[in-house]
Amino acid sequence: MKVGPDISMVAALVGDPARSNMLTALMSGRALTASELAQEAGITPQTASSHLAKLEAGGLIEPEKQGRHRYYRLTGPDVAHVLEGLAGLAARAGHMRVRTGPKDPALRRARICYDHLAGDLGVQMLDSLRKQRLVRQTKDAIELTGEGRRFMANSLQIDADSLAHPRRPVCKACLDWSERRHHLAGTLGAAIMTRFTELNWAARDTAPGSRVVNFTRTGEKKFGALFGAG
């Protein structure tokens, strides 16, 4: 008898096209309604309810009720990390959507991956952090250096001591599906993205399910000053 986690159950849940579209929409980090997710998946609300029940039972999403509305979100950043990795594998294997949308260039340049920056700018940021020796990386393991802690405090007002989390690393390498290289995840990646928003350097696209991140002109200059012009 074989023991251990049954990855086939998770694979079956993710493998359905409608469910994968729903999960991808939830990688925006926002909680979405069943109607919004049905629209993202291109299916009827009745069919969406069945898929959502399966994803909830499988532990990939969780509901949140507010008033008369019921919202859904991913159960955690680990789910988003796996989905981003699968997207990268699909891209490398040549399994790409035939039809591209008008926001595809913007999505590749800068997007949200659950709660941290991904895309070309996300990869550029991690490259710069390594080159400046603000982080040290060994394969997928990343550690903030002493100089990096001072940089975060002085440049972005991020207190590294406040980033510790019992179930999430401070720094984590997340394989970027469009660049096929790593961007920065973990509580530090989330904190940096939050600061970009608080400082009005960047703003999330407001459309439900959109993952696009738009930098302001000032934000582009500030980002370039910290992490290279790109």
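Of the 230 residues in this chain, 41% are buried. Keep in mind that you're looking at a predicted model.

Let's start with the overall build. The chain is put together from 10 helices and 11 strands. How far does the C-alpha trace of the chain span along its principal axes? It covers about 50 × 50 × 40 Å. The radius of gyration tells a matching story: a compact globule with 230 residues would come out near 17 Å, and the chain has 18 Å, so the two agree.

Contacts add to that picture. If you take the contacts in the chain with a separation of 6 or more, 60% of them are between residues 24 or more positions apart. As for the outside, the accessible surface of the chain comes to about 12900 Å², and carbon and sulfur atoms account for 53% of that surface.

Now for a hollow worth a look: the second largest pocket. Its volume is about 340 Å³, and 16 residues line it. Which residues lie nearest the centre of this pocket? They are Gly-76, Pro-77, Asp-78, Arg-167 and Arg-168. Helix α5, which runs over residues 77-92, gives the largest share of the lining, with 4 residues.

Here's how the lining of the second largest pocket splits by class:

| Class | Residues in the lining |
|---|---|
| Nonpolar | 6 residues |
| Polar | 6 residues |
| Charged | 4 residues |

To find the spot in the 3D view, go to Gly-76, Pro-77 and Asp-78, which are among the residues nearest the pocket's centre, then pick out helix α5 at residues 77-92.

How values were computed: Residues numbered from 1 in each chain as written. Predicted model: local features only at pLDDT ≥ 70, side-chain atom pairs only at ≥ 80, totals over all residues. Heavy atoms only, no water. 1 Å grid on protein atoms, 1.4 Å probe; cavity = no way out; pocket = protein on both sides within 12 Å on 5 of 7 lines; lining within 4 Å. Points joined across faces, edges and corners; volume = space filled by probe spheres on them. Helix = DSSP H or I, 4+ residues; strand = E, 2+ residues; numbered from the N terminus. Nonpolar A, V, L, I, M, F, W, Y, C, P; charged D, E, K, R; others polar. Rg over C-alpha atoms; globule rule 2.2 N^0.38 Å. Buried < 20%, exposed > 50% of the residue type's maximum accessible area, 1.4 Å probe, protein only. Contact = heavy atoms within 4.5 Å. Areas by Shrake-Rupley, 256 points an atom, 1.4 Å probe, with all protein chains shown as cover.
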